[in-house]
Amino acid sequence: MRTVTLNNGVEMPILGYGVYQIPPEQTERAVTEALAVGYRLLDTAAAYQNEEAVGRAIASSGVPREELFVTTKLWVQDAGEENARRAFDTSLRKLGLDHLDLYLIHQPFGDVYGSWRAMQRLYHEGRVKAIGVSNFHADRLVDLIEHNEVTPAVNQVETHPFFQRTADQELMRERGVRIESWGPFAEGRNNLFSDPVLGEIAEGHGKSVPQVVLRWLVQREVVVIPKSVRADRMAENLDVFDFALTDGEMARIAAMDTGSSLFFDHRDPAMVSRIGTARVHD
Ligand SMILES: NC(=O)c1ccc[n+]([C@@H]2O[C@H](COP(=O)([O-])OP(=O)(O)OC[C@H]3O[C@@H](n4cnc5c(N)ncnc54)[C@H](OP(=O)(O)O)[C@@H]3O)[C@@H](O)[C@H]2O)c1
């Protein structure tokens with residue numbers, strides 16, 4: 001698996017497996033299959049309610065811990081210095097691990113600065129190899145960087161052919177933050193899987209539309225974590241390292257950008273309120 005080097009020297013697989021919206025009772029089987037087909041980066045979150053099932057799959061997989069790169073995320077409900085520390089311990093216990101590879105602030109809401117202080121401490125204590133954020137727009141990312149000691153290693157944001165984040169990626173590159181795509185297929189919105197441009201490019205390479213999308217992200221040096229509950233699709237989504245898109249094909253995909261989210265804007269006050277007050281545990 002190709003890796004990228006984060007701003008602290010840690011190597012992160014460029015392609016991994018995401019488990020959002022996989023029900024807890026299906027997650028152990030799905031992650032077991034993902035590890036068997038070769039995924040080594042796993043992306044979960046406290047809010048996904050499936051960390052324990054991810055942990056069981058890791059434990060029974062036989063894959064050495066040092067080969068794995070495990071990410072989980074801190075939910076807004078647990079923001080703040082003391083709460084974040086407790087939430088980290090809870091996630092680690094649920095995952096059955098003694099350290100994490102990457103811990104992210106899931107949303108740019110609540111006491112982000114308190115959370116970040118806790119994460120910096122966990123990082124310095126060696127309990128997590130890298131720390132980062134998710135869903136941070138450029139202004140919030142730069143503010144966090146300017147007023148803290150540790151620069152986030154990663155910012156995981158919605159990134160797919162309809163919302164490409166090229167300017168955001170450039171700013172992150174300048175600041176030493178690695179962009180990671182969530183929703184690489186836009187969860188199938190805008191008929192992504194039957195898009196004619198992507199279909200034509202795929203046909204030219206004897207590949208599928210999802211493979212073209214993942215290849216396009218990998219060629220842009222964007223870390224990506226597609227989700228599928230089907231083993232055949234998991235394997236398909238990993239198989240993107242034996243072909244390359246031409247400059248012309250990259251330009252055709254670039255022209256598909258709408259410049260806005262297909263889900264929601266993290267600066268929309270109604271969403272800030274709704275997500276910011278969502279509770280994921282007692
Ligand atoms: N930080 C955040 O706020 C945030 C938000 C959303 C997601 N994420 C992370 O990003 C990961 C990926 O995003 P996502 O799960 O939202 O969406 P996604 O990966 O864009 O799309 C998943 C959908 O695509 C289908 N699919 C996957 N591979 C396919 C293939 N080869 N052919 C046809 N259909 C295929 C899946 O169906 P089947 O499962 O039925 O195959 C599922 O319906 C998540 O799992 C999560 O780890 C993070």
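**View 1. The ligand and its neighbours in the predicted model.** In this predicted model, the ligand has 26 residues around it, and those that come nearest are Asp43, Phe185, Glu187, Ser228 and Arg233. Sorted by class, that shell holds twelve nonpolar, eight polar and six charged residues. Helix H9, residues 231-238, gives the largest share of the shell, with three residues.

**View 2. Polar contacts to ligand oxygens.** Which parts of Phe185, His106 and Arg233 come up against the ligand's oxygen atoms? For Phe185 it's the backbone: one of its N or O atoms lies 2.8 Å from a ligand oxygen. His106 uses its side chain, where an N or O atom is 3.4 Å from an oxygen atom of the ligand. Arg233 also brings in a side-chain N or O atom, this one 2.7 Å from a ligand oxygen. As for cover, the ligand taken alone would expose 900 Å², and the protein buries 88% of that.

**View 3. The largest pocket, home of the ligand.** Where does the ligand sit? The space it takes up is the largest pocket. There's about 1000 Å³ of space in there. The lining runs to 41 residues, and Tyr20, Gln21, Trp182, Gly183 and Glu187 are the closest to the pocket's centre. Glu187 is worth picking out in this view, as it's also listed among the residues that come nearest the ligand. By class, the lining splits into 20 nonpolar, 13 polar and eight charged residues. On the helix side, H9 and helix H11 (269-276) each put at least two residues into the lining of this pocket. H9 should look familiar from the ligand shell, where three residues come from that helix.

**View 4. The second largest pocket.** Now for the runner-up, with about 300 Å³ of space. Its lining is made of 15 residues, and Ala46, Asp78, Thr90, Lys94 and His281 lie nearest the centre. Count them by class and you get four nonpolar, six polar and five charged residues.

**View 5. Helices around the second largest pocket.** Which helix gives the largest share of this lining? That's H3, with six residues. Helix H3 spans 81-95, and helix H2 spans 51-61; each supplies at least two residues of the lining. Two of the residues nearest the pocket's centre, Thr90 and Lys94, fall within the H3 range of 81-95.

How values were computed
Residues numbered from 1 in each chain as written. Predicted model: local features only at pLDDT ≥ 70, side-chain atom pairs only at ≥ 80, totals over all residues. Heavy atoms only, no water. Near = heavy atom within 4 Å. Polar contact = N/O pair within 3.5 Å; in protein donor to acceptor, adjacent residues only side chain to side chain. Areas by Shrake-Rupley, 256 points an atom, 1.4 Å probe, with all protein chains shown as cover. 1 Å grid on protein atoms, 1.4 Å probe; cavity = no way out; pocket = protein on both sides within 12 Å on 5 of 7 lines; lining within 4 Å. Sits in = over half its atoms within 2 Å of the grid points. Helix = DSSP H or I, 4+ residues; strand = E, 2+ residues; numbered from the N terminus. Nonpolar A, V, L, I, M, F, W, Y, C, P; charged D, E, K, R; others polar. Points joined across faces, edges and corners; volume = space filled by probe spheres on them.
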